[in-house]
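Here is a short guided tour for anyone meeting this structure for the first time. Have a look at the sequence and the model, then read on.

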Amino acid sequence: MTEALKPESQNADHNFWLRSTMNLARRAMSHGNHPFGALLVDPDGLMLMEQENAFLPLRDRTAHAERLLASRACQQYPFDYLSQCTLYVSAEPCAMCAGAIYWAGIGGVVYGLSEKRLKAITGNHPDNPTLDLSCRTVFAAGQHLVRVIGPLLEDEAEEPHRQFWKIP
């Protein structure tokens, strides 16, 4: 799905798209899912697809928003095209998702909440046993470049998690 959403200012792109992923995270929460959202933006600044976390109804711990989006994207778009696209995510991709992003060929990631901070928020929650492993570390082990920017707007990105995981 291509949606013609484009921020007014180039300087505001990252904030605009990250706030959109935070809205997806809140929407995921309203569906009873973990508060994560992801969207793919093409080189011209148009949103190609979006995905919220899909833990329920199957209780699939691998149904992270960015992993699902990466799988859909590489089925729909060629590797060379995806290498020019940017994935915006409400929280830093975990090791599993970073691997999926790498294998899909998505060229850039911009994230809100860091994996380190997410782990501090959720602790050892049985439904979210967060790894303290930066996506940069995963991408650095690869053979093609994945550009990474983040964390950005981390306080805003943290809020849905504080609500969902019931953290004061």
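Before the tour, a word on names: helices (H or I, at least four residues) and strands (E, at least two) are DSSP runs, numbered from the N terminus. Keep in mind, too, that this is a predicted model.

## The sheet

Let's start with the strands. Five of them make up an open sheet, and its order reads β2-β1-β3-β4-β5. The pairing in this sheet is mixed. Which strands sit at the edges? They are β2, covering 47–52, and β5, covering 147–149, and each of these pairs on one side only. Going from one strand to the next, the twist averages 15°.

As a reminder, strands of a sheet pair through backbone hydrogen bonds, and they can do that either parallel or antiparallel. For a parallel example, take β3 (residues 86–91) and β4 (residues 108–113), a pair held over five bridges. Within β3 and β4, you can spot Leu87 standing opposite Val109 of β4.

There is also a helix to find on this sheet. Helix α2, made of residues 65–76, lies across β1 (37–41), β2 and β3. Its direction is at about 145° to that of β2.

## Helix α5 and its two sides

Now turn to helix α5, which takes in residues 115–122. Which of its residues are buried? They are Glu115, Leu118, Ile121 and Thr122. Looking down the axis of α5, you'd see these buried residues fall within an arc of 115°, so they line one face of the helix. A bit of background helps here: an α-helix has 3.6 residues a turn, so residues three or four places apart point the same way.

What do the buried residues of α5 pack against? Their partners are β4 and α7, the latter spanning 154–164. Over on the other side of α5, Lys116 and Ala120 are exposed. Just past the end of α5 comes Gly123, with a positive phi of about 65°.

## Where α5 meets α7

The axes of α5 and α7 come within 11 Å, crossing at roughly 35°. The crossing of α5 and α7 is right-handed. From α5, the contact uses Arg117, Leu118 and Ile121. From α7, it uses Glu154, Asp155, Glu158 and His161. Notice Leu118 and Ile121 in that list: both also belong to the buried residues of α5.

## Unusual backbone spots

Most residues other than glycine have a negative phi, and most peptide bonds are trans. With that in mind, two loops are worth a visit.

One is the loop between β2 and α2, where Pro57 lies. The peptide bond from Leu56 to Pro57 is cis, and its omega is near 10°. Arg59 sits in the loop between β2 and α2 as well. Its phi is positive, near 60°, even though the residue isn't glycine. Is Arg59 buried, partly exposed or exposed? At 48% relative accessibility, Arg59 counts as partly exposed.

The other is the loop between β5 and α7, home to Pro151. Gly150 and Pro151 are joined by a cis peptide bond with omega at about 5°. Leu153 is in the loop between β5 and α7 too. Leu153 isn't a glycine either, yet has a positive phi of about 50°.

## Thr62 and its contacts

Back in the loop between β2 and α2, you'll also find Thr62. Thr62 is partly exposed, with a relative accessible area of 34%. What does Thr62 touch, leaving aside residues up to four places away in sequence? The answer is Arg67 and Met96. Along the chain, Thr62 and Met96 are 34 residues apart, but their C-alpha atoms are separated by 8.1 Å.

## A cysteine pair without a bond

How many disulfides does a search of the whole structure find? The result is zero. Why is there no bond between Cys94 and Cys97? The closest cysteine sulfur to that of Cys94 is in Cys97, 3.7 Å away, which is too far for a bond; a disulfide needs the two sulfur atoms within 2.5 Å. Cys97, then, is in no disulfide either.

Both cysteines are tucked away from the surface in the accessibility values. Cys94 counts as buried at 11% relative accessibility, and Cys97 is buried with a relative accessible area of 0%.

Note on methods: Residues are numbered from 1 along each chain as its sequence is written. This is a predicted model: local features need pLDDT of at least 70, side-chain atom pairs count only at pLDDT 80 or more; totals for chains, interfaces and linings use all residues. Side-chain values use heavy atoms; hydrogens and water are left out. Buried means under 20% relative accessible area, exposed over 50%, partly exposed in between (1.4 Å probe, protein chains only). Two strands pair if DSSP finds at least two bridges between them. Axes are lines fitted to C-alpha atoms, for helices over the stretch in contact, and angles run from 0 to 180 degrees between N-to-C directions. Contact means heavy atoms within 4.5 Å. The arc is that of the directions from the helix axis to the C-beta atoms. A crossing is left-handed if the near helix is turned anticlockwise from the far one by less than a right angle, and right-handed if clockwise.
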